[in-house]
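Reader: I'd like to go through this model and ask where the labels come from. Can we take it piece by piece?

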Amino acid sequence: MALSSGLEASGGLPALQALYDTALHPYLAAQDAPVLAARRNRWLVLIGGLALAAAVLAWALPRDTESLFFPLVGAGIGALAIGYFWLSTDLLADEVRHDLMRRIAAWLGLHYEPRAEGFDLRRFALLGLANYDKDRRSDRLFGEVDGLAVDMMAARLADEETSGVGSDRKTRTIERFSGLLLCLADPSGRSPSFRLVPPASATSAGKLRDVSIVRTLPAGTPDLSFDEMDAMLAAGPEAAPPTPTGDAAFDARFELHVLPQDAPAALARLNDALRAALLEVAACFGGGAVSVGFDGQHVLMAFITAQRFEIGALRPPMAQFPRVQHLAEQMAVLPAIAARLRPALA
């Protein structure tokens, strides 16, 4: 991560060490017993389940019967045993991680929501990320950083394509986005609507370059016809050709899409300080593809990244400070981004 660690704003490693010593170490130490029990039980269930499945199949298969009930029961027992083996510790790992993230978020002055149900995805229509067949959300961090409202979650967005009919019907899932979505309040409140997307050569399969297919309409707006919707999309900044900013490094990272009449205001908003800040923030998660949207009220950011707030393998002893430090540094990127962007946005 190119930004200075967000842990510094909360007192740095000494403050995190103090939190660990007083609260997190006792909690993690108490997890050793359930973790050991879960690891032991999954092997018992796997061995016992497979043995029972084999016994049922050995009894049922030699018999001359047209019923598949008992063979299916045996196969089902085996499948359940294998599924429990793989999922049992994963579920416990998620529970421990959720508790840790909730405690660390409170220490950072933020709130945490495991399933991210309160995140408003409709705001990301400008970036083409508001309307997909499947959206899997997790790990929402939200609150205020120096008075600036922030909201971030991990998301996987996908479409389903269906072809054929009847027995030839096939459904294919196409992943459109996997990474982190971030929304910050725009303190200026004066931006025209525009977006910054990676050049076509910088991202595969057109990710983060899709044209928005849903527009957020004011309450009470009547339903639009297809022609009216097409006209609205054609008039949006995502349909405009790229507008150069004159900054070679910035234009190599982002294409500015803005309506011609709004281009002067957008270019004025993208001053030297804001362009430098956006380039620095774009490098946070390994330098992957990033898109940015300004809608007049919010600054929207989408990072393609594999980061998923990991805590490491679920093996005792759980009370290890590096495990906590690693998770805290991942979470602290949100206040670090907000602190870096705030002066450039004001």
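Author: Sure. Let's start with Asp186, which touches Ser191, Arg269, Phe294, Gln297, His298, Val299 and Leu345, leaving aside residues up to four places away in sequence. Keep in mind that this is a predicted model.

Reader: Where does Asp186 lie?

Author: Asp186 is in the loop between strand S4 (170–185) and strand S5 (194–197).

Reader: Why is Asp186 called buried?

Author: Its relative accessibility is 8%. Buried means under 20%, so the label follows.

Reader: What makes the pair Asp186 and Arg269 a polar contact?

Author: Their side chains are joined at 3.0 Å, and the cut-off is within 3.5 Å for a pair of N or O atoms, so the distance fits.

Reader: Now the charged pairs. How do you know that Asp272 and Arg275 form a salt bridge?

Author: The N to O distance is 2.6 Å. The rule asks for a side-chain nitrogen of Lys or Arg within 4 Å of a carboxyl oxygen of Asp or Glu, so this pair qualifies. The two are three residues apart in helix H7 (residues 272–282), so about one helical turn separates them. In general, an α-helix has 3.6 residues a turn, so residues three or four places apart point the same way.

Reader: Is each partner buried or exposed?

Author: Asp272 has 57% relative accessibility and counts as exposed, while Arg275, with a relative accessible area of 13%, is buried. The cut-offs are over 50% for exposed and under 20% for buried, so both labels hold.

Reader: What makes the salt bridge between Arg340 and Glu280 a tie between parts of the chain?

Author: The closest N and O atoms of Arg340 and Glu280 are 2.8 Å apart. Arg340 lies in helix H9 (residues 333–345) and Glu280 in helix H7, so the pair ties together parts that are 60 residues apart in sequence. Arg340 is partly exposed at 26% relative accessible area, and Glu280 is partly exposed at 27%.

Reader: Which residues are joined into one network by salt bridges that share partners?

Author: Those are Glu113, Arg123, Arg140 and Asp151.

Reader: And what about Arg122 and Asp120, why are they called a salt bridge?

Author: Their side chains meet at 3.0 Å, N to O, and that is within 4 Å, so the name applies. Arg122 counts as exposed at 57% relative accessibility, whereas Asp120 is partly exposed at 24%. By this rule the count comes to 16 salt bridges.

Reader: How many disulfides are there?

Author: Zero. As for cysteines, Cys183 counts as buried at 3% relative accessibility, and Cys284 counts as buried at 5%.

Reader: How does the span of helix H2 (residues 32–60) set against what is expected?

Author: H2 has 29 residues and reaches 42 Å from its first C-alpha to its last, close to the 42 Å expected at 1.5 Å a residue. Among its buried residues are Val35, Arg42, Leu46 and Val56.

Reader: Last one: where is confidence lowest and where is it highest?

Author: Helix H4 (residues 226–234) is lowest, at a mean pLDDT of 47, and strand S1 (residues 110–113) is highest, at 96. Over residues 212–221 the pLDDT is below 50, and beyond near neighbours in sequence that stretch has 18 contacts in the model. Where pLDDT is low, the predicted coordinates should not be read in detail. For the protein, the mean pLDDT is 82, with 84% of residues reaching 70 or more.

Notes
Residues are numbered from 1 along each chain as its sequence is written. This is a predicted model: local features need pLDDT of at least 70, side-chain atom pairs count only at pLDDT 80 or more; totals for chains, interfaces and linings use all residues. Side-chain values use heavy atoms; hydrogens and water are left out. pLDDT is the predictor's confidence in each residue, from 0 to 100. Helices (H or I, at least four residues) and strands (E, at least two) are DSSP runs, numbered from the N terminus. Contact means heavy atoms within 4.5 Å. The expected span of a helix is 1.5 Å times one less than its number of residues. Buried means under 20% relative accessible area, exposed over 50%, partly exposed in between (1.4 Å probe, protein chains only). A disulfide is a pair of cysteine sulfur atoms within 2.5 Å. A polar contact is a pair of N or O atoms within 3.5 Å; within protein, one must be able to donate a hydrogen and the other to accept it, and residues adjacent in sequence count only if both atoms are side-chain atoms.
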